[in-house]
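Colleague: I have some questions about this model. Please keep the answers short.

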Amino acid sequence: MKIVMCVKETPSTTAEKRFGADMRLERRKEDAIINPFDEYSIEEGLRQQEKHGGETIVLSMGPATATDTIRKALAMGADRGVLVSDPALAGSDAVATARVLAAALQKIGFDLVLFGSAAADAYGGIVPSAVAEFLGLPLLSFATKLDEDGTTAKIERQAEVGYNTVETQTPALVSVMKSINEPRYPSMKGIMQSKKKTIDTMSLADLGIESGTVGAGASGEKALSAEKITTQRKGEIYMGNDGAAERVVAFLVEQKVL
Amino acid sequence: MDFSLSDEQEMIRDMCREFAEEEIKPRAEELDRTGAFPYYIVRKMANLGLLGLPFPEEYGGAGADFLSYCLALEEIGRGDASVGITMEAHTSLGATPFYLFGTEEQKQQYLVPLARGEQLWAFGLTEPNAGSDSAGTETRAVKSNGVWHINGAKNFITNAGTDMTGGVTITAVTGRQSDGHKQITNFIVPQGTPGYLIGNPYHKMGWKASDTRPLSFEDCQVPDANRLGDEGDGFRQFMSILNAGRIAIAALSVGLAQACLDESLKYSRERQQFGRPIAAFQTIQFKLADMATEIELARNMYYKAAWLHMEGRPYTREASMAKLFASETAKRCADQAVQIHGGYGFMDEYPVSRFWRNVKVHEIGEGTSEVQRILIYKNL
Ligand SMILES: Cc1cc2nc3c(=O)[nH]c(=O)nc-3n(C[C@H](O)[C@H](O)[C@H](O)COP(=O)(O)OP(=O)(O)OC[C@H]3O[C@@H](n4cnc5c(N)ncnc54)[C@H](O)[C@@H]3O)c2cc1C
């Protein structure tokens with residue numbers, strides 16, 4: 001079984017976000033981490049491999065330095081990496097990204113493709129379904145549990161209340177929720193071995209994609225402005241002896257906690 | 001000159017930082033309060049290969065270099081010093097002697113399970129009458145019919161009595177050298193050897209969740225196969241083990257000092273007095289700047305000592321300098337951290353009070369500050 005996990009390099013969630021004049025997020029190498037949502041898809045891929053054998057491949061589209069991020073996934077245990085990198089890709093929106101990932105996936109070949117449910121930079125969450133659309137394959141989205149037996153993939157899909165069970169033939173694409181597993185830490189041996197694993201780099205030419213169909217120019221999505229969200233959380237504090245306890249109880253009853 | 005770390009070193013450091021943040025820090029207060037040995041954390045560390053970092057893969061280790069091990073210790077120690085010293089005593093004092101001085105058979109039998117983290121191991125040098133004066137060892141081992149009979153006592157021995165401990169390596173006097181000095185030989189004493197008695201854990205001021213015990217040997221018998229290295233080679237062996245161990249203690253101290261700075265930065269930016277955060281006062285800013293400067297210096301010193309060690313160059317003086325400066329830096333940082341926290345720093349709810357209690361022993365264990373200064377002077 002060939003399992004491909006798609007990962008994205010994102011700025012650390014605690015890093016200060018700055019935008020360039022073109023309203024694109026400035027990405028600093030020091031702040032780069034694996035998109036935290038992707039740790040769950042990497043973990044799920046590794047678990048499926050532990051059950052069924054086969055090969056795990058980490059696929060990423062990003063700048064040349066994104067090999068560091070792929071390397072981290074390799075340290076967790078994935079077998080090899082593929083980086084799609086090309087100057088012409090800069091500014092690609094979700095659909096352009098999906099076009100590229102779909103082409104790379106076709107080139108690599110797969111039985112199962114795993115995604116995180118979103119990326120922690122823009123929280124778009126549409127790449128998995130767009131990739132599925134380009135490939136003409138089913139996407140099982142928002143999986144909280146995945147069973148795969150070589151011919152079918154079955155998930156529990158998070159619903160507003162409880163879950164739905166969804167099943168499809170493989171090859172298939174699955175996006176996973178954080179509750180699906182607990183990602184492992186890379187082991188020391190994993191880290192030491194990661195350097196010896198291969199990361200292949202593919203350009204747009206390697207994928208047979210015209211550079212005019214991707215990148216900023218071909219992207220329909222444009223950021224016009226960006227501003228800081230300020231959330232104001234308002235706590236209520238009851239103090240003193242004059243009925244504070246009663247007011248807390250009344251509040252809890254009102255919230256149907258008690 | 002190149003100050004950059006390798007990719008592996010950076011990844012190991014980052015992974016340990018994350019592990020300490022998520023798995024150790026949230027439990028540190030409870031560990032300190034109960035003094036319970038952190039089996040849960042130590043077993044997790046074992047599974048991740050953190051207990052055999054600097055040993056080759058063929059012996060169950062991760063095959064990382066000595067600096068990687070120190071970087072890991074700094075981060076683990078930043079999470080909690082008790083967990084850090086458990087890892088340090090196991091790796092530097094427990095497992096390293098097998099790696100450096102063991103026969104192939106001893107490496108297979110002892111080092112492999114230690115490097116894999118299936119067992120912990122202790123190193124017993126200190127005695128009631130032989131502390132700084134480690135050559136003053138009184139524990140004796142006498143050979144008769146190919147069996148060594150050991151009698152004596154050790155104290156303050158880390159990792160000696162946990163459920164995971166496989167045994168202890170001890171120094172014992174086996175005769176006199178031609179110059180009249182005691183001849184010291186090292187012996188492997190597995191847990192459960194008749195005559196090897198492990199005392200109750202001490203009640204300590206800090207490092208509370210680490211396991212520290214007195215040991216005694218009453219006609220404890222081990223075969224000659226349990227001798228580590230040649231007869232009379234014990235002194236040279238533990239000097240070299242302690243030398244490298246000092247770099248590791250320096251790394252651990254930098255981790256503790258960094259934790260002091262982390263907490264102080266956070267607190268001073270939150271705590272308001274006179275209508276603004278106390279970090280807005282220059283007096284507090286200067287304390288923070290001094291802490292950060294000394295920490296960076298201490299870190300660079302242990303990096304350098306580790307590098308000399310990895311290069312196979314002499315490093316005794318630099319190891320002592322690193323240990324001395326890092327432990328005293330950590331002490332000053334802990335002191336200022338409590339000061340910056342004011343009365344809250346004196347309360348157990350704030351981690352800095354724990355840091356203040358933990359830090360003292362960094363100036364004592366693996367050679368006191370006085371001993372480090374003696375060693376540095378001797379190498380001038
Ligand atoms: C928590 C803990 C864990 C430990 N773990 C281990 C372990 O795993 N294995 C092990 O073998 N040991 C261990 N030790 C022992 C530790 O290494 C010794 O405590 C240390 O070396 C000091 O010895 P001492 O306590 O006997 O003090 P002493 O040697 O009695 O020193 C008392 C004071 O006299 C000073 N002094 C001594 N000689 C001189 C001199 N020549 N010139 C100037 N000043 C001097 C010392 O610096 C110190 O200030 C541990 C200790 C502690 C507290």
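Colleague: How do α6(B) and α8(B) run, roughly parallel or roughly perpendicular to each other?

Modeller: This is a predicted model. Helix α6 (residues 234–270) and helix α8 (residues 316–341) of chain B pack at about 20°, with axes 8 Å apart. Angles under 35 degrees count as roughly parallel. The two helices, α6(B) and α8(B), are therefore roughly parallel.

Colleague: What classes of residue make up the contact of α6(B) with α8(B)?

Modeller: α6(B) passes α8(B) in a left-handed crossing. The residues of their contact divide into three charged, ten polar and 18 nonpolar.

Colleague: Where does the ligand lie with respect to the domains of chain B?

Modeller: Chain B is assigned domain 1 (7–119), domain 2 (122–235) and domain 3 (236–378). Two of these, domain 2 and domain 3, both give residues to the shell around the ligand, so the ligand lies between domain 2 and domain 3.

Colleague: Which residues come nearest to the ligand?

Modeller: The shell has 23 residues. They divide into eleven nonpolar, nine polar and three charged. Those that come nearest are B:Leu125, B:Gly131, B:Ser132, B:Thr368 and B:Glu370.

Colleague: Which elements give two or more residues to that shell?

Modeller: They belong to chain B. The elements are α4 (81–101), β1 (120–124), β3 (147–158) and α10 (369–378).

Colleague: How many residues does the contact take from domain 2 and from domain 3 of chain B?

Modeller: The centres of these two domains, taken over C-alpha atoms, are 30 Å apart. The contact takes ten residues from domain 3 and, from domain 2, twelve.

Technical notes. Residues numbered from 1 in each chain as written. Chains lettered and ligands numbered in written order. Predicted model: local features only at pLDDT ≥ 70, side-chain atom pairs only at ≥ 80, totals over all residues. Axes fitted to C-alpha atoms, helices over the stretch in contact; angles between N-to-C directions. Helix = DSSP H or I, 4+ residues; strand = E, 2+ residues; numbered from the N terminus. Parallel < 35°, antiparallel > 145°, perpendicular 65-115°, else oblique. Left-handed = near helix turned anticlockwise from the far one by under 90°. Nonpolar A, V, L, I, M, F, W, Y, C, P; charged D, E, K, R; others polar. Near = placed C-beta within 6 Å. Domains from an automatic or database assignment. Contact = placed C-beta atoms within 7 Å.
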